[in-house]
Amino acid sequence: MSRSRLTSIVCLALAACSDRGNLAVNTEPDAQSVDRGYTARDAEFIETDAAGQTRYRLRAEQAHQDAATREVNLEGVRMEVRPIDGEPWQVRAERGHMPAATRRLELTGDVRLESRVGAAALQLRTATLQYDIDAARVRAPGAVTIHTRTGELSAHAVNVDIKTRRVSLESKVHGLF
């Protein structure tokens, strides 16, 4: 076999190996570029306003974001919501869910919303609650019990404006004072 023919065969073999190597690199995702979402224990999420003041602080015993749907599921939720120029509200729930591309938190499982401001202090208890983060409004669509310093109310569906501290009871309202 001539030397030039041997050189040609070696070059063709190297070129074929080189192309296969490039094909493999181009078709297999880089391990660092694959988004797997996240899972965290004792997670803390803090959102601030333009002035740097805390809008809310959310703690969860466990948080998981699904990479495909971008939804976040939470376990053991504790949240403090701070309206501008207002006293904080405390929120607790067994579970939470934040749908992708929304600014809403859906809470389930022994949900409690508390305000500890003087005579207006109250505790709202329900099975499900939705919190609109941008509007700072809460909606509890089912049975709700509200404890105040002076009595107790029950209702079916309640809306709470966190900023103005206004509570609206929708139907089947009963109270004991």
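1. H97 lies in strand β4, which spans residues 89–98. The model is a predicted one, and the remarks below should be read on that basis.

2. Is H97 buried or exposed? Its relative accessibility is 18%; because buried means under 20% relative accessible area, H97 counts as buried.

3. The side chain of H97 makes a polar contact with the side chain of N73, at 2.7 Å. N73 also appears among the residues in contact with H97 once neighbours within four places in sequence are set aside. That set consists of E71, V72 and N73, together with R104, L105 and E106.

4. A separate point concerns strands β7 and β8. Strand β7 covers residues 137–148 and strand β8 covers residues 152–161. The two run antiparallel and are joined by 9 bridges. Within this pairing, V138 is placed opposite V160 of β8. The connection from β7 to β8 is a hairpin of 3 residues.

5. Strand β8 is also joined to strand β9, residues 166–176, by 8 bridges, and this pair too runs antiparallel. Opposite D161 stands R166, a residue of β9.

6. Which residue takes a positive phi in the hairpin of β8 and β9? It is R165, with a value near 65°. This hairpin has 4 residues between its strands.

7. In summary, β8 is bridged to β7 and to β9, while H97 of β4 is buried and in polar contact with N73 through their side chains.

Key:
Residues numbered from 1 in each chain as written. Predicted model: local features only at pLDDT ≥ 70, side-chain atom pairs only at ≥ 80, totals over all residues. Heavy atoms only, no water. Pairing = 2+ DSSP bridges. Buried < 20%, exposed > 50% of the residue type's maximum accessible area, 1.4 Å probe, protein only. Polar contact = N/O pair within 3.5 Å; in protein donor to acceptor, adjacent residues only side chain to side chain. Contact = heavy atoms within 4.5 Å.
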